[in-house]
Amino acid sequence: MTRIDWIVMNRVISRVILTLVIFYGLILLVESLDTPRYEYLTRVGGIGFAVLGMVATSATWLIKGLPLIVLVGAVVGVVDLQSRRELTAIRSSGISIWRIVRAPALALLMGGLCITFGVESLITEANRLVEATLPGETSPFTPSEGFWLEQYGTDGQRYVVEAEHVTGPERQLQNVSIFLADGQKQGRIVAPTASLDKGAWLLPKATRYRAGEPAEPLVNYRIPTTTTRADLALKLTSTEDMTFYDLFRSLRAQISDPQLRDAALTRFLRLLSLPALLVGALFIAFAFTAGYRRAGGYGRAIVYAVLVGFVVFVITEMADRAGSAGTLDPMFAACGPAFVAVVIGVTVLLYREDGWA
């Protein structure tokens, strides 16, 4: 890496980091205003635990808006290079814009990979730890309130499972009621526990109730289901509460529910495409603010860059929701915004390099 690469990377990345710190501080300030939550976490685990809750929640919001924040920071960095006439001197020496943008692009690419494979998982785990203690919240592993699961047997028979709690890593259901399709003939099955075991719900001890008939005890009763362990894990939580590695394991476990599979795959691919989205934000920043201006006015260019970044952010959120709902292909929904950001930045840079603007 040359001296010029170090100068450009230092100017841009330092401004990006400064922008991230400022935005994170603002988000943290907003989170600190939730005093009931802070006081409850303090009673549960002390001041350190309450601070962890605020820090983790704020970091989650920061990652959601990371591409737009990186774009703003990159714009500030490029304008700083312009105001010092450093970018003009570099360009006058014959170095192309692609060589100039290389070092910060690699830095953001590496930073995005670190967030995808490490930082995001740590933040998600911290949020899990905090949210599990909040009253009225549903833990991804031990829901505190009853819930309902619509199930289908291998023969297509539909029934509904209702449970009060879920405990343990094996997702064992507690205080279970199973409402069969034909309630008059098949009745209702009640059991203290139920666990998912190779294509069926296993009820060690259960009781069947039919109208006008005495209760029928059942031992090691099995009722077929198409739900897999991966399906159950996703139904008991949200993809937003799963780490990158949890999503990977769930997808490898062959999720049978199409909607759950689309939601998990969309989030998984979105995390994978985050580094490319950050590089696209950098390209957009350079594309709109790296041009030479004799008068030094960059207000319009900054506004255009931020507007384009905001549009990309909105497209990213809309595509994420559409992909999770199954209305868009998960690959297109997750990777499309990153592709659009890179194409916009590269196209405008090529347009300016050719002397059209």
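**Reading a predicted chain: strands, burial and spread**

The protein chain of this predicted model has 11 helices and six strands.

Student: Why is Thr316 called buried?

Tutor: Buried means under 20% relative accessible area. Thr316 has 7% relative accessibility, so Thr316 counts as buried.

Student: Where is Thr316 placed, and in which helix?

Tutor: Thr316 belongs to helix α10, residues 299–325.

Student: Which residues is Thr316 in contact with, leaving aside neighbours within four places in sequence?

Tutor: Arg270, Leu277 and Pro337. Contact here means heavy atoms within 4.5 Å.

Student: What part of the protein chain counts as buried?

Tutor: Of its 357 residues, 44% fall in that class. The cut-off is again under 20% relative accessible area.

Student: What makes β4 and β5 a pair?

Tutor: Two strands pair if at least two bridges are found between them. Strand β4 (residues 188–196) and strand β5 (residues 200–209) are joined by five bridges, so they pair. They run antiparallel. One of the partnerships sets Ser195 against Leu202 in β5.

Student: What lies between the strands of that hairpin?

Tutor: Three residues separate β4 from β5. Lys198 in this hairpin takes a positive phi near 50°.

Student: How do you know that β5 also pairs with β6?

Tutor: Apply the cut-off of at least two bridges. Eight bridges join β5 to strand β6 (residues 216–224), so this is a pair too. These strands run antiparallel. Thr207 stands opposite Pro217 in β6.

Student: How many residues lie between β5 and β6, and which one in the turn has a positive phi?

Tutor: Six residues lie between them in the hairpin. Gly212 in the turn has a positive phi of about 80°.

Student: How does the radius of gyration of the protein chain stand against that of a compact globule?

Tutor: A compact globule of 357 residues would have a value near 21 Å. The protein chain has 26 Å. Its C-alpha atoms fill a box of roughly 90 × 45 × 35 Å along the principal axes.

Student: What percentage of contacts join residues at least 24 apart?

Tutor: The count takes contacts between residues at least 6 apart in sequence. Among these, 62% join residues at least 24 apart.

Student: What does the protein chain expose, and how are its charges placed?

Tutor: The exposed area is about 18,100 Å², and carbon and sulfur atoms supply 64% of it. There are 33 positive and 31 negative charges, with mean positions 8 Å apart.

Definitions and conventions
Residues are numbered from 1 along each chain as its sequence is written. This is a predicted model: local features need pLDDT of at least 70, side-chain atom pairs count only at pLDDT 80 or more; totals for chains, interfaces and linings use all residues. Side-chain values use heavy atoms; hydrogens and water are left out. Helices (H or I, at least four residues) and strands (E, at least two) are DSSP runs, numbered from the N terminus. The radius of gyration is taken over C-alpha atoms; the globule rule is 2.2 Å times the number of residues to the power 0.38. Buried means under 20% relative accessible area, exposed over 50%, partly exposed in between (1.4 Å probe, protein chains only). Accessible areas come from the Shrake-Rupley method with a 1.4 Å probe; for residues, only the protein chains shown count as cover. Lys and Arg count as positive and Asp and Glu as negative; His and the chain ends are not counted. The place of a charge is taken as NZ of Lys, CZ of Arg, CG of Asp or CD of Glu.
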